[in-house]
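Let's take a walk through this model together. Keep the structure open beside you as you read.

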Amino acid sequence: MNKLFPVKSTIDSRRSARSYKMTPVADDVMDSLKNFAESISVPFEHTVEIRFFKADSTNVLYTTMKSPPDNVAFLAETDVVSISKAGFIGELFILFAQSKDIATCWYGHYKLFELERLMPHLQSADHIEESNKGYGYAKGEAAGRRAICISPLGYYEDRGLRLMDRITKTTASFRRKEIKELLENPNEYGGLSEDILYSLDLGRKAPSAANAQMWRFAFENNLKTITIAMPVGYKHFKWEHPNVDIGICASHVWLGLIDKGYNPTVSVKEDSDRAVWRISI
Ligand SMILES: Cc1cc2nc3c(=O)[nH]c(=O)nc-3n(C[C@H](O)[C@H](O)[C@H](O)COP(=O)(O)O)c2cc1C
C-alpha cells in the first residue's frame, strides 16, 4: 500500500458525521473515491466489495438523520473473518474519503428494506426477514453476501450547535481508552518500541459501534507480532458484529507501521468465534 493519505492527521481529524448537506459529492472527488475503491491493495486475500449508491433525502435509511445523495456500502460474506476484513478495507476507504474532506459515518444499523430498494443486493427476498427488527443484515452469520455496513458520503452540515454543546459532543465521541488499558498483559507496556506504541495509538483511535473499543492487543514473536482481537466471549447488548470493529482497528495499526517505514505482514484467522489479526514487522 502506497502512502495515499497522511495517516496520522487523517486518523486524528476523522469523526462520525451525523448531519449532511443535501448536495452530491463533487464529480472529481467522486472519481477519486471510485478509483481508490477499485485499486485498494492489502496484504491478504479478500472478497470485500465497495459499492456506491444514491439515496433519497429522507430519514428512512439511517432513521436518525436524512441521507445525503451519495452513500457507500461494504459487502462481504458474514463469517467472522469476512466481516472483519470488511471492517479493515472499509476503514481504508473511510480514511481516504476523510483525506478528501468527505464526511462519513459507519452505520451497522440501517433499514435493510430501504437499502435493498436503493441498492438491490440480496440473493433472496427472505433475507429481509433476517435483519434485526429491520436493522442491519442479520443478527448473526447468514447465507450469501450482505451489506455489512454502510456510510453516507458528503459534506458536514453544521447545525449551529452552541459552542459548549459542540465541545461536549466532540469529547464524548472521541473519548478513547489508553493503550495500557487495551493490553492483554499491561506488564508488556514498558518493552514496546516507539514505533509499536505509535501504531497502537492510531489503533486505539479507531471508530467502533457505540464507541465500545472492544479491541485488545497482545504480542508474540519477541514483541514483533501484534495480535488484535476482542476478548473471548465478548458481547455487546446493541451491536451484534464487533468483529467488524476489530478489522477497523487492525487497519489503523497496519497503517501506523507503514507510516513508520515497515512493510508488515498481515493475517486474520478465526479463533474462539473471533477474528484474530496478526500484524508482524
Ligand atoms: C462498525 C460500526 C458501526 C456503527 N454503527 C453506527 C450506527 O448504526 N449508528 C450510528 O449513529 N453510529 C454508528 N457508528 C459510529 C460510532 O458510534 C462512532 O464511531 C463512535 O461513537 C466513535 O465516534 P467517532 O467515530 O466520532 O470517533 C458505528 C461505528 C462502527 C465502527
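A good place to begin is a single glycine: G261, just after helix α8, takes a positive phi of about 95°. Please keep in mind that this is a predicted model.

Now step back into the helix itself. Helix α8 covers residues 242-259, and at 1.5 Å a residue its 18 residues should span 26 Å. Its end C-alpha atoms are 26 Å apart, which agrees with that expectation. Is α8 enclosed or open to its surroundings? Since 17 of its 18 residues are buried, α8 is largely enclosed by the rest of the structure.

Zooming out, you can divide the protein chain into domain 1 (7-153) and domain 2 (174-280). The contact between them takes 30 residues from domain 1 and 31 residues from domain 2. Their C-alpha centres lie 22 Å apart.

How much area is buried between the two domains? About 2500 Å², with carbon and sulfur atoms giving 72% of it. On the domain 1 side, I11, V80 and F88 supply 22% of the area buried against domain 2, more than any other three residues.

There is a polar side to this interface too. Between the domains there are 10 residue pairs in polar contact, both residues being at pLDDT 80 or more, and one salt bridge. D12 forms a salt bridge with K205, and the closest N and O atoms are 2.9 Å apart.

Finally, which elements give two or more residues to the side of domain 1 that touches domain 2? They are α1 (7-13), α3 (80-99) and β3 (146-153). The largest share of that side, 10 residues, comes from α3.

How values were computed
Residues numbered from 1 in each chain as written. Predicted model: local features only at pLDDT ≥ 70, side-chain atom pairs only at ≥ 80, totals over all residues. Heavy atoms only, no water. Helix = DSSP H or I, 4+ residues; strand = E, 2+ residues; numbered from the N terminus. Expected span 1.5 Å × (residues − 1). Buried < 20%, exposed > 50% of the residue type's maximum accessible area, 1.4 Å probe, protein only. Domains from an automatic or database assignment. Contact = heavy atoms within 4.5 Å. Buried area = accessible area lost by both parts, 1.4 Å probe. Salt bridge = Lys/Arg side-chain N within 4 Å of Asp/Glu carboxyl O. Polar contact = N/O pair within 3.5 Å; in protein donor to acceptor, adjacent residues only side chain to side chain.
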